[in-house]
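Me: I have a model open and would like to go through the reasoning behind a few descriptions of it. Could you take them one by one with me?

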Amino acid sequence: MVQKLHPEINKVYFVNKYTLFHILSGSGTIQVDFKNYADWQDKAIYLEKGQYIKFFSDDFVVRKIEFPNRAIFEKKEVRVLFKHLISLGYINFNECDECQKYLANTVFSEDTTDIIDISSKQWYWQNPFKASKKEYQLIFDVKDIIDENYFSNFSGDDVVKLMTENGYEAQALVKDKIGLSVKNLISNKRLMEGRKKIVFTDKSIQEVSYETGYKDPAYFNRVFKRNTGMTPSEFRNDFDFENRDTFIQNLVELLKTHHTEQRNLEFYADKMHLSVKALSKKTRAKMNASLGQLIRGEVITSSKRLLQQDASVKEVAFALGFEEANHFSQFFKKYTGTTPTLYKSKKYNS
């Protein structure tokens, strides 16, 4: 099923089928499984069943495609699109000529038979972990084993043993390519599923503990607080899934309105009627990012939009409140990895 979606701000969209979200327009932050990401225009995100997505802005326009299961697993290679290892994977359509041709001809067509093949080719071309196709298949074999067994009495050694029996050096490969041990992957999976059960169900903390592979609820509480800064009960209350308070919407609107001339935390704290410490703590808890990161994200998004509109580097710097063009260039390069001039040239020559 293909549809054009104007997402509500701060609403949880559950993924019940394997789904592609193509961000057609809009700016701001999105959240997938408790992690926040910025600058997603013209990118495609593939999510699997059980994940969720939230949009922290009301100006997003999204092309949403839901796939039947058979279209996903006909080829084992497409796992790379849906199973995210340490961060949110994506396809950058601006760097994919074949993707752009497909979208130009089938913007909201029901025929989606080619888009997965096109996207998987682009993913391997982007090669985020600098691995061969064979190595990727081994890594995602590990991910499959963890996803299917994380809730049982299952350890990293069990995964490694299973892979080694098949002639694979799983531990070394995973550590080398994604920077985490197999044990870390299991722990991350358990913690992620624990968070979901805490905020999206009314199960007791003890039930959640047992269902996510922790034998001891007290240990689960300690691990959870060490990783999130809150106890499971505090996390449940703070996520505010049912009531959806207006804190995020109000803060996002302030950032969009004032980020070009205001970088001062005290300004936003005053507008939100909170101390800087209280605002910083609440922002971190509700948006999994610091207030400074959110401000920088808005500045980067605005600068990219202006550069795409053919504004000069000097014009962009002035529009965003930088005293000197070179100050803006240094800022842009620090947080994007490229200079404004190179960014413009890539956009127009891609």
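Reply: Happy to; we can start with the whole chain and then turn to some aromatic rings. Please keep in mind that this is a predicted model.

Me: What makes the protein chain as compact as a globular protein of that length?

Reply: Start with its make-up: the protein chain has 18 helices and nine strands. Its radius of gyration is 21 Å, and the globule rule gives 20 Å for 350 residues; the two values are close, so the chain is as compact as a globular protein of that length. For a picture in space, the C-alpha atoms fill a box of roughly 60 × 50 × 40 Å along the principal axes.

Me: How many of the residues count as buried?

Reply: Of the 350 residues, 50% do. The accessible surface of the chain comes to about 17,700 Å², and carbon and sulfur atoms hold 49% of that.

Me: What share of the contacts joins residues 24 or more positions apart?

Reply: Among contacts with a separation of 6 or more, that share is 68%.

Me: Now the rings. Why is the pair of Trp 123 and Phe 140 called edge-to-face?

Reply: The structure holds 28 aromatic pairs, and this is one of them. The ring centres are 6.3 Å apart, and the limit for a pair is 6.5 Å. The planes meet at 75 degrees, and over 60 counts as edge-to-face, so the name applies. The pair links distant parts of the chain, with Trp 123 in helix H4 (residues 115-126) and Phe 140 in helix H5 (residues 133-149), 17 residues apart.

Me: How do you know whether Trp 123 is buried or exposed?

Reply: The cut-off for buried is under 20% relative accessible area. Trp 123 has 5%, so Trp 123 is buried. Its partner Phe 140 is at 1% and therefore counts as buried too.

Me: And what makes the pair of Phe 200 and Phe 239 edge-to-face?

Reply: Here the planes stand at 90 degrees and the centres are 5.6 Å apart, so this pair is edge-to-face. Phe 200 belongs to helix H8 (residues 182-200) and Phe 239 to helix H11 (residues 232-239); with their positions 39 residues apart, the pair links distant parts of the chain. Both rings belong to buried residues.

Me: Which aromatic cluster holds Phe 200 and Phe 239?

Reply: They share one cluster with Phe 14, Phe 34, Tyr 52, Tyr 214, Tyr 219, Phe 220, Phe 224 and Phe 235.

Technical notes:
Residues numbered from 1 in each chain as written. Predicted model: local features only at pLDDT ≥ 70, side-chain atom pairs only at ≥ 80, totals over all residues. Heavy atoms only, no water. Helix = DSSP H or I, 4+ residues; strand = E, 2+ residues; numbered from the N terminus. Rg over C-alpha atoms; globule rule 2.2 N^0.38 Å. Buried < 20%, exposed > 50% of the residue type's maximum accessible area, 1.4 Å probe, protein only. Contact = heavy atoms within 4.5 Å. Areas by Shrake-Rupley, 256 points an atom, 1.4 Å probe, with all protein chains shown as cover. Phe/Tyr/Trp six-rings, centres within 6.5 Å; stacked < 30°, edge-to-face > 60°.
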